[in-house]
Amino acid sequence: PKGYVYTARPAYLPGETIGVRGILRGVEDGSYSVAEGKEHTIRVLDSDGRLIWGGERRLSEFGTLDAEFALDGAAAIGGYTVLVSPADDEKTVYRGAFRVEPFRLQKMSLELSAPRKVYFRGETVELSVSARYYWGEPVADRSVRVELPDGRSTVGRTDREGVLSVSFDTTGLTPGTRMAFSARIEGEDVR
């Protein structure tokens, strides 16, 4: 048997509704088969291995099943496991996972900007990375890592205005390459 169990999102907040889905197949004579209508048990375990929800669902004609349940508002933070098994065979278990994370409002934001949207090979991109606290003050003298389109990264510090300037020479890129830059404040979960 083969199966894939997943949730609608990889992470949830305590109190949110979780959507569990599964795609389950049997294997007969080297081909996949669907046991339409076969009953399956779904169990959800919290980060301490405690059962927090359970239910029974039947496979659809396409070999899928789904369920929804609400997390408690005081649900434990951490990794959760979803176990799905045929009601008549508890030894066969399909696994999925999701995380429960607390809500954290980021206190800073990053903005990347360049004077133009299009550059030709051989030109230099002058990128400006601006870091600000959400209440408007600049994030001064902080280490920022910038990922460059060629796979390299560079690290610099913001000035007193919360700005880091980065230059990138496009000479080594293949013509027509889409350039993607990203930045993050080191030591913070801010991208």
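**Notebook: cores, strand β9, Thr 158**

I looked up the largest nonpolar core first; it holds 20 residues. Phe 69, Leu 71, Val 82, Val 84 and Phe 98 have the most contacts inside it. I then listed the elements that give two or more residues to this core: β3 (17–28), β5 (39–45), β7 (64–70), β8 (78–86) and β9 (94–100). Another core, of 18 residues, lies apart from it. Leu 110, Tyr 119, Val 146 and Val 190 are among its members. The model is predicted.

Next I took Val 84. I left aside neighbours within four places in sequence. Val 84 is then in contact with Val 5, Leu 24, His 40, Thr 41, Ile 42, Leu 65, Thr 92, Val 93 and Tyr 94.

I turned to β9. Its covered face carries Tyr 94, Gly 96, Phe 98 and Val 100. Arg 95, Ala 97 and Arg 99 make up the uncovered face. In a regular strand, side chains alternate between the two faces of the sheet. I checked the partners of β9 too. β8 pairs with β9 in the antiparallel sense over seven bridges, and Tyr 80 stands opposite Phe 98. β2 (residues 11–12) pairs with β9 in the parallel sense over two bridges, with Ala 11 opposite Arg 99.

Last entry: Thr 158. I found it in the loop between β13 (153–157) and β14 (163–169). Is Thr 158 buried or exposed? Thr 158 counts as buried because its relative accessibility is 4%, and the cut-off is under 20%. Its side chain reaches the backbone oxygen of Val 139 at 2.7 Å. A polar atom of that side chain also lies 3.0 Å from the backbone nitrogen of Asp 141.

Note on methods:
Residues are numbered from 1 along each chain as its sequence is written. This is a predicted model: local features need pLDDT of at least 70, side-chain atom pairs count only at pLDDT 80 or more; totals for chains, interfaces and linings use all residues. Side-chain values use heavy atoms; hydrogens and water are left out. A nonpolar core is a set of buried Ala, Val, Leu, Ile, Met, Phe, Trp, Tyr and Cys residues joined through side-chain atoms within 4.5 Å. Buried means under 20% relative accessible area, exposed over 50%, partly exposed in between (1.4 Å probe, protein chains only). Helices (H or I, at least four residues) and strands (E, at least two) are DSSP runs, numbered from the N terminus. Contact means heavy atoms within 4.5 Å. A polar contact is a pair of N or O atoms within 3.5 Å; within protein, one must be able to donate a hydrogen and the other to accept it, and residues adjacent in sequence count only if both atoms are side-chain atoms. Two strands pair if DSSP finds at least two bridges between them.
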